[in-house]
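Subject: The structure for you to look at

Hi,

Here is the structure I promised to pass on. Have a look at it first, then read my notes below.

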Amino acid sequence: MFTDDRLNEAYELLSLLSNPLKAAERAVVGREYEMTQLLAAMNRPELCNTLLLSPAGSGKTMLVQGVMRQDRERLYLEVDPARMIAEAGTSENMASMLKGFFDEAEAFVKDEGRELVLFIDEFHQIIQLSDAAVEAIKPVLAASGVRGIRVIAATTYEEFHQHVSPNQPLVERLQRINLAPPDQETTVMILQGMAERYGVADQFYDDHLFRMIYEYTQRYMPANSQPRKSILVLDSMVGWHRHTGQAIDRDLLAEVLMESLNVNVAFRVDATKIKKQLDSKVYSQDFATSVVARRLQLCVADLNDKSRPEASFLFTGSTGVGKTELVKQLAKLLFGDDQRHLIRFDMTEFASQDSFATFRSELTKRVWDLSHAVLLFDEIEKAHAMVTRVLLQVLDDGRLSDDNNREVSFLNTYIVLTTNSGSEIFRTIGDYEADDDGSGKALIKYEKLIRESIKSTTGGNRFPPELLGRIDSIVPFQPLSLPTQQKIVKDKLRQLVHEVLVKHNVRVTVDEKVLQYLIEDKGDTDSDAGGARAAVAKMTDEVTTAIAAFVNHYPVERRIRIDIDGDLVSDHKNLLTSDARVVVSAMR
């Protein structure tokens, strides 16, 4: 450690377990009061040892480096607790090594005529090793002032409460100094100093980009502390700039955040086409897509509440009306795909109180891994009340603690809850106020009843009213008419024909009566009948299966057709039941 071999030989433990504290690489900004506080503490005649407490990355080491710059009389050494533990080997040896280390420190002060400041970061590592180590360090701290030694211990609040605070006599020997993370103004000044030091100050016309770095890291890295998280982002931007020549601007900031955090802050959605894109895949739900598109306008304009998730919706309506399909299209519109960026939870799996911890753990894990996504909580009314209430915090302030007590940000997520509650109202709409385009006239008429139904049809307070109050938009879905179901099944048939051609090189011709059979003879406008999902399931059961069987039995056929054999009820009103069936045959 020492540059003088004589000192290394005379003070072996000091040389082995510590190193001179490195000088600060940048100016210490915004810590003037804390530095004065630390210097004053070290000049106390008795209690001259301090304990710095702050979240990781808040600048504890930087503070001590700043004090060292002012305090030229003392020699500052940084003690390595991990090396000390490794060298000691056992907890018993640790106590004797600590005593020997401080004895050498006292001898150094006496022989070399210079006081020592021993900075011990991760102080809790020593304390948690053994009770003997704790007892060995207490008398050292009590007498350090008269021995010419000052100890600056440092740890986080979490480690302090877990390992240090239970030992009150130890705590009383250290003056506690709390370091709050720097505010925005101080962090911006630190980043400006970095830019000058690294020769990229000319890339910044004002402090706007620095403030964006602060804002984004505050929002998307809640588990980390300032200024470290902002410093790391700027450091990465400088690296990309040096390697690629790319300008340090908002685009590079967006790329760095995507690379390091998997967060998409570059909203690249064409606001003028949101409604059109949603309507292209979700049929006859004009009112629902309008509500969603209108809410997304806030996100595109960056005028949404930054303390909450990007947007939250409650999709309500009968099964098979397009709720899940709209969620998929929302993910595709926002993030380019409806697989990876759609995180789905089937809430029927969390119906018991025992599932609470599992749900919280799985939710935080999935969002930590992919923080920009659409979260779908399907059939939310089936979840247990405790599970549902987890979402209150998520919807309220966009964060939740995981199993490791680490804050997980939900601020870049779009949250969709679905429910089938209010089925009796949607049944009425389907029976008496059918609407082929989903204009929403009936939905607006029954909106109050729908809200009341959501509150009253979920027993055990599983859907608490306060949850409704935290959702940005309630989106009711119109029951599907037969013409709409026909449009959906026709689209599915077109996809099926294409798939058979690609996979088997077989051309399929579908008679128009097939669609008539599936929708008019087998279909149902009852809102409880399953809507388009039931119609597509009927197509799969009767058409897709028949094609698959034919292709498997006759692999050489290259042209086949699908027809209906028998009389359709829709063609013969006097028929009570249909004897029609799907038949597949080769085309000659």
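Let's start with Asp 103, which is partly exposed, with a relative accessible area of 32%. Before you go further, keep in mind that this is a predicted model.

So what does Asp 103 pair with? Asp 103 forms a salt bridge with Arg 147, and the closest N and O atoms of the two are 3.3 Å apart. Arg 147 is buried, at a relative accessible area of 15%. Now find both on the chain: Asp 103 is in helix 6, while Arg 147 is in the loop between helix 8 (131–143) and strand 5 (149–155), so this pair ties together parts that are 44 residues apart in sequence. The two also have company, as Lys 99, Asp 103, Glu 106 and Arg 147 are linked in a network of salt bridges.

In total I have 30 salt bridges for you to hunt down. Here are two more to try:

- Asp 369 and Lys 365: the closest N and O atoms are 3.6 Å apart in this salt bridge. The two residues sit four apart in helix 18 (residues 356–369), so about one helical turn separates them. Asp 369 is partly exposed at 47% relative accessibility, and Lys 365 is partly exposed at 47% as well.
- Glu 542 and Lys 538: in this salt bridge the closest N and O atoms are 3.9 Å apart. Both residues belong to helix 26 (residues 531–553), again four residues apart, or about one turn of the helix. Is each one buried or exposed? Glu 542 counts as buried, at 18% relative accessibility, because the cut-off for buried is under 20%. Lys 538, at 27%, counts as partly exposed.

Now for the nonpolar side of things. In soluble globular proteins, nonpolar side chains tend to be buried together. The largest nonpolar core here has 39 residues, and the members that touch the most others are Leu 14, Met 84, Phe 101 and Phe 123. Helix 6 (residues 91–112) supplies the largest share of this core, with eight residues.

Met 84 is a nice one to click on. Which residues does Met 84 contact, leaving aside neighbours within four places in sequence? They are Leu 17, Val 79, Met 94, Met 97, Leu 98, Phe 101 and Ile 126.

There is also a second, separate core of 33 residues, and Ile 274, Ala 293, Leu 296 and Leu 330 are among them.

Have fun exploring!

Cheers

Terms used: Residues are numbered from 1 along each chain as its sequence is written. This is a predicted model: local features need pLDDT of at least 70, side-chain atom pairs count only at pLDDT 80 or more; totals for chains, interfaces and linings use all residues. Side-chain values use heavy atoms; hydrogens and water are left out. A nonpolar core is a set of buried Ala, Val, Leu, Ile, Met, Phe, Trp, Tyr and Cys residues joined through side-chain atoms within 4.5 Å. Buried means under 20% relative accessible area, exposed over 50%, partly exposed in between (1.4 Å probe, protein chains only). Contact means heavy atoms within 4.5 Å. A salt bridge is a side-chain nitrogen of Lys or Arg within 4 Å of a carboxyl oxygen of Asp or Glu.
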